[in-house]
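Here are a few short exercises to work through with the structure open beside you. Try each task before reading its solution.

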Amino acid sequence: MAENKINRIAEVLEEKGMKNNDLVIHFNVKKETVSRWVNNKQQPTLNTLNDIARFLQEDVRNLLYQSEWTKNKL
């Protein structure tokens, strides 16, 4: 079964020329936590995702992949 990617944190970090460590430092979390987020092994809470979006100066929707349901409606 294919793994579902839910968030685009890794892609947005790369687009902005940033590294995982930028999130580690800013949010004072373990590097393993950020690694799980960017590898879609674990998802940040909605509040944390919103804080990440604010930190990256992005709309929170840009940190998420479109659902299959939404893709099919377009």
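**Exercise 1: The two sides of helix 4**

The face of helix 4 turned away from its buried side carries the exposed residues Asn 47 and Arg 54. Keep in mind that this is a predicted model.

Task: Find which residues of helix 4 are buried, and work out why they line one face of the helix.

Solution:
- Start with the list: Leu 49, Ile 52, Ala 53 and Leu 56 are the buried residues of helix 4.
- Next, look down the axis of helix 4: these buried residues fall within an arc of 100 degrees, so they line one face.
- The general rule helps here: an α-helix has 3.6 residues a turn, so residues three or four places apart point the same way.
- Finally, look at the cover: helix 1, helix 2 and helix 3 are among what lies over the buried residues of helix 4.

**Exercise 2: The core**

Task: Determine which helix gives the largest share of the largest nonpolar core.

Solution:
- The core has 13 residues, and those touching the most other members are Ile 9, Leu 13, Leu 23, Val 34, Ile 52, Leu 56 and Leu 63.
- Helices 1, 2, 3 and 4 each supply at least two residues of this core.
- Helix 4 gives the largest share, with 4 residues.

**Exercise 3: A proline in a loop**

Task: Decide whether Pro 44 counts as buried or exposed, and list its contacts beyond four places in sequence.

Solution:
- Pro 44 sits in the loop between helix 3 and helix 4.
- Its relative accessibility is 11%, under the 20% cut-off, so Pro 44 counts as buried.
- Beyond four places in sequence, Pro 44 contacts Asn 7, Ile 9, Trp 37, Leu 49 and Ile 52.

Definitions and conventions
Residues numbered from 1 in each chain as written. Predicted model: local features only at pLDDT ≥ 70, side-chain atom pairs only at ≥ 80, totals over all residues. Heavy atoms only, no water. Core = buried A, V, L, I, M, F, W, Y, C linked by side-chain atoms within 4.5 Å. Buried < 20%, exposed > 50% of the residue type's maximum accessible area, 1.4 Å probe, protein only. Arc of directions from axis to C-beta. Contact = heavy atoms within 4.5 Å.
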